[in-house]
Amino acid sequence: MSNDRIIWPATMHHFALTSKDPNRLADWYIKALGFVSKEPYEGGWILKNAERNLIILPGYNGGVAFSAFAVTEEEQIYRIKAHVTDNGGKVKKFETPLFGDIAFATKDLDGNVFVFGSTEKSEKISQGLPGRLQHIVFATNRLPEQIGFYTNQLGFRKSDTVVDAGKNPTACFMRSDPEHHSLGLFRAETPRLDHFCFESRCWNDIRDWGDHFSELRIPIIWGAGRHGAGNNLFIFVEDPDGNKPEISAEIERLTFEQEPRIWPHEQRTLNLWGAAWMRS
């Protein structure tokens, strides 16, 4: 693996979902995920909590307009941009209301837009149940090529790869900081958003989120369980558009130098405790 710390460290900061009904979806996330600020933006909404930010824009249900990763120093933005262009990638200036004016974007092989930028440093006080935006996962019908794009073009580090009986990859989890994955990819027939995750602190937080969803009559559609790859606790729910937010806790932490591991394509890889949501 390359020792070039291209994006290390970078953390997922916000992303933009698209919806045919942004008002309904925004109200659901305020109620269900505890966003405390709602600001109008380009026909949709910016939702904020100190630990999590989400933009909802008009469009088709289940789309992702862009995913934004924050770095700690502005100089790092220029280094990432230079690396992408030096390796034949295309970049463009990108405006998002939650980043400064030197943010840029590039597209992966499926057309997913990834933005890199920085935020103003300020004291933040979270409200409600803990759950910072931590990772996003996409399905793709060109998994090996996408893995190559993210590791070579952007500098993500492979943490765990899942392979079938023929040693073909069926999933890959990649990190851009010490947490096990900030990005995941699953093999599927059609490219799409798979899920996104809010990381809490411990098992008691998972319990409290479960009670919160129960009070709102929002069923848990998968979990509680523990992922094999990543070793994190989890529960999943579903929003009105069919998107699947995950609440996670105790995600594994790895060093920059940690070599990737291989897992078999089986239910236990995705859930050490029982049944799994198998994508292929």
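This is a chat between a trainee and a mentor about a predicted model of one protein.

Trainee: Before we dig in, what kind of model is this?

Mentor: It's a predicted model.

Trainee: OK. How many helices and strands does the protein have?

Mentor: There are five helices and 17 strands.

Trainee: And what does the C-alpha trace span along its principal axes?

Mentor: About 50 × 45 × 35 Å. The radius of gyration is 18 Å, and a compact globule with 280 residues would have one near 19 Å, so the two agree.

Trainee: What share of the residues is buried?

Mentor: Buried residues make up 54% of the 280.

Trainee: Give me an example. Where is L47?

Mentor: L47 sits in strand β3, which covers residues 44-49. Its relative accessible area is 0%, so L47 counts as buried. The C-alpha atoms of L47 and F35 are 5.9 Å apart, with their positions 12 residues apart along the chain.

Trainee: What about F114, buried or exposed?

Mentor: F114 is buried, because its relative accessible area is 1%. You'll find F114 in strand β8, residues 113-117. Its C-alpha is 9.9 Å from that of V91, and those two are 23 residues apart along the chain.

Trainee: Switching to charges. How many salt bridges does a search of the whole structure find?

Mentor: The search finds 16. One of them pairs the side chains of R187 and D164, at 3.1 Å from N to O. That pair links distant parts of the chain, 23 residues apart: R187 is in strand β12 (residues 183-187), while D164 is in the loop between β10 (157-163) and β11 (169-175).

Trainee: Is D164 buried or exposed?

Mentor: Buried. D164 has 17% relative accessibility, and the cut-off for buried is under 20%, so D164 falls below it. R187 is at 27%, so that one counts as partly exposed.

Trainee: Which residue does R192 meet in a salt bridge?

Mentor: D194, with a distance of 3.7 Å from N to O. R192 is partly exposed, with a relative accessible area of 38%. D194 counts as buried because its relative accessibility is 4%.

Trainee: Which residues are joined into one network by salt bridges that share partners?

Mentor: D160, E252 and R261.

Trainee: And what does E238 pair with?

Mentor: E238 forms a salt bridge with K244, and their closest N and O atoms are 3.2 Å apart. E238 has 37% relative accessibility, so it counts as partly exposed.

Trainee: Now the surface. Which residues form the negative patch?

Mentor: E42, E74, E95, D101 and E120 form that negative surface patch.

Trainee: Pick one. Where is E74?

Mentor: E74 is in helix α2, residues 74-86. At 49% relative accessibility E74 counts as partly exposed, because exposed requires over 50%.

Trainee: Let's look at the backbone. Where is the peptide bond cis, around P9?

Mentor: The bond from W8 to P9 is cis, with omega near -5°. P9 belongs to the segment before β1 (10-19).

Trainee: And what about the bond from G223 to A224?

Mentor: That bond is cis as well, with omega near 5°. A224 lies in strand β14, residues 222-226. Look at the atoms around that bond in the model.

Trainee: One more backbone topic. What is phi of K167?

Mentor: Phi of K167 is near 70°, a positive value in a residue that isn't glycine. K167 lies in the loop between β10 and β11. With a relative accessible area of 66%, K167 is exposed.

Trainee: And phi of E250, positive or negative?

Mentor: Positive, at about 65°, although E250 is not a glycine. E250 is placed in the loop between β16 (245-249) and β17 (261-264). Its relative accessibility is 37%, so E250 counts as partly exposed.

Trainee: Thanks. Let me check my notes on that loop between β10 and β11: which residue there has the positive phi?

Mentor: K167. D164, the salt-bridge partner of R187, is placed in the loop between β10 and β11 too.

Definitions and conventions
Residues numbered from 1 in each chain as written. Predicted model: local features only at pLDDT ≥ 70, side-chain atom pairs only at ≥ 80, totals over all residues. Heavy atoms only, no water. Patch = residues over 30% accessible without salt bridge, like charges linked within 9 Å, V, L, I, M, F, W, Y side chains within 5 Å. Areas by Shrake-Rupley, 256 points an atom, 1.4 Å probe, with all protein chains shown as cover. Salt bridge = Lys/Arg side-chain N within 4 Å of Asp/Glu carboxyl O. Lys, Arg positive; Asp, Glu negative; His and termini not counted. Charge placed at Lys NZ, Arg CZ, Asp CG, Glu CD. Helix = DSSP H or I, 4+ residues; strand = E, 2+ residues; numbered from the N terminus. Buried < 20%, exposed > 50% of the residue type's maximum accessible area, 1.4 Å probe, protein only. Rg over C-alpha atoms; globule rule 2.2 N^0.38 Å.
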